[in-house]
Amino acid sequence: MSPYPARIDVHHHAIPSFYGRILEEHGHRPGGIPVPDWTPEKSLRLMNRNGIAISILSVSTPGAVLADGPAPRLLARQLNEHLAELVADSRLASASSRP
C-alpha cells in the first residue's frame, strides 16, 4: 500500500506541443510565463513525487478561444481528441475544451 493518500488533482494543465506552438504564434504566455515544454511523462513524474493517484487535465489559458469564426470549435475538437487518446490507458483523465 502506498504511504500517500489517493490524491486526485482536479486542476492539472496540459499543453500539447501543437497547442503550445499555437499559443506562441498568437503571443500568449499562460500565467505570464513562456509556454512550458509539457509532456505526459513530466506530469506522471510530478504525480509520483506528490502522491497523486489521478490528475484531471485541462488545457491552459486561453483555451480554444484564439480567434473568431470556426477556428475555436476546430481547435477545441483537436484538443479534446488528442487528450482523449492520451488518457485512454493512463492515470491521467481529461476535462473537455469548448470554444
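A single salt bridge is counted in the protein chain, as represented by this predicted model. The pair consists of Lys42 and Asp37, whose side chains meet at 3.3 Å, taken from N to O. The two partners fall into separate accessibility classes: Lys42 is partly exposed, with a relative accessible area of 35%, whereas Asp37 counts as exposed because its relative accessibility is 59%, above the 50% limit for that class.

The overall architecture comprises three helices and three strands, arranged along the sequence in the pattern β-α-α-β-α-β. The C-alpha trace spans about 50 × 25 × 15 Å along its principal axes. The protein chain has 99 residues, of which 33% count as buried. Among contacts with a separation of 6 or more, 73% are between residues 24 or more positions apart. The exposed area of the protein chain amounts to about 6,400 Å², and 55% of this area is supplied by carbon and sulfur atoms.

Helix α1 covers residues 17–25, and its buried residues are Phe18, Tyr19, Gly20, Ile22 and Leu23. Cover for these buried positions is provided by elements that include strand β2 (52–59) and helix α3 (71–87). Just after α1, Gly27 adopts a positive phi of about 75°.

Strand β2 also contains Ser55. This residue has a relative accessible area of 0% and is therefore classed as buried, the limit for burial being under 20%. The side chain of Ser55 forms a polar contact of 3.4 Å with the side chain of His12. When residues up to four places away in sequence are set aside, the residues touched by Ser55 are Asp9, His12, Met47, Arg91, Leu92 and Ala93. His12 thus appears both in this set of neighbours and as the partner in the polar contact.

A nonpolar patch is present on the surface, formed by Ile8, Val10 and Ile54 and extending over about 280 Å². Of these residues, Val10 is located in strand β1, which runs through residues 7–14. Val10 counts as exposed because its relative accessibility reaches 62%, a value over the 50% limit for exposed residues. The contrast with Ser55 is marked by the assigned classes: Val10 is exposed, whereas Ser55 is buried.

Methods. Residues are numbered from 1 along each chain as its sequence is written. This is a predicted model: local features need pLDDT of at least 70, side-chain atom pairs count only at pLDDT 80 or more; totals for chains, interfaces and linings use all residues. Side-chain values use heavy atoms; hydrogens and water are left out. Patches are made of residues with over 30% relative accessible area and no salt bridge: like charges are joined within 9 Å, nonpolar side chains (Val, Leu, Ile, Met, Phe, Trp, Tyr) within 5 Å. Accessible areas come from the Shrake-Rupley method with a 1.4 Å probe; for residues, only the protein chains shown count as cover. A salt bridge is a side-chain nitrogen of Lys or Arg within 4 Å of a carboxyl oxygen of Asp or Glu. Helices (H or I, at least four residues) and strands (E, at least two) are DSSP runs, numbered from the N terminus. Buried means under 20% relative accessible area, exposed over 50%, partly exposed in between (1.4 Å probe, protein chains only). Contact means heavy atoms within 4.5 Å. A polar contact is a pair of N or O atoms within 3.5 Å; within protein, one must be able to donate a hydrogen and the other to accept it, and residues adjacent in sequence count only if both atoms are side-chain atoms.
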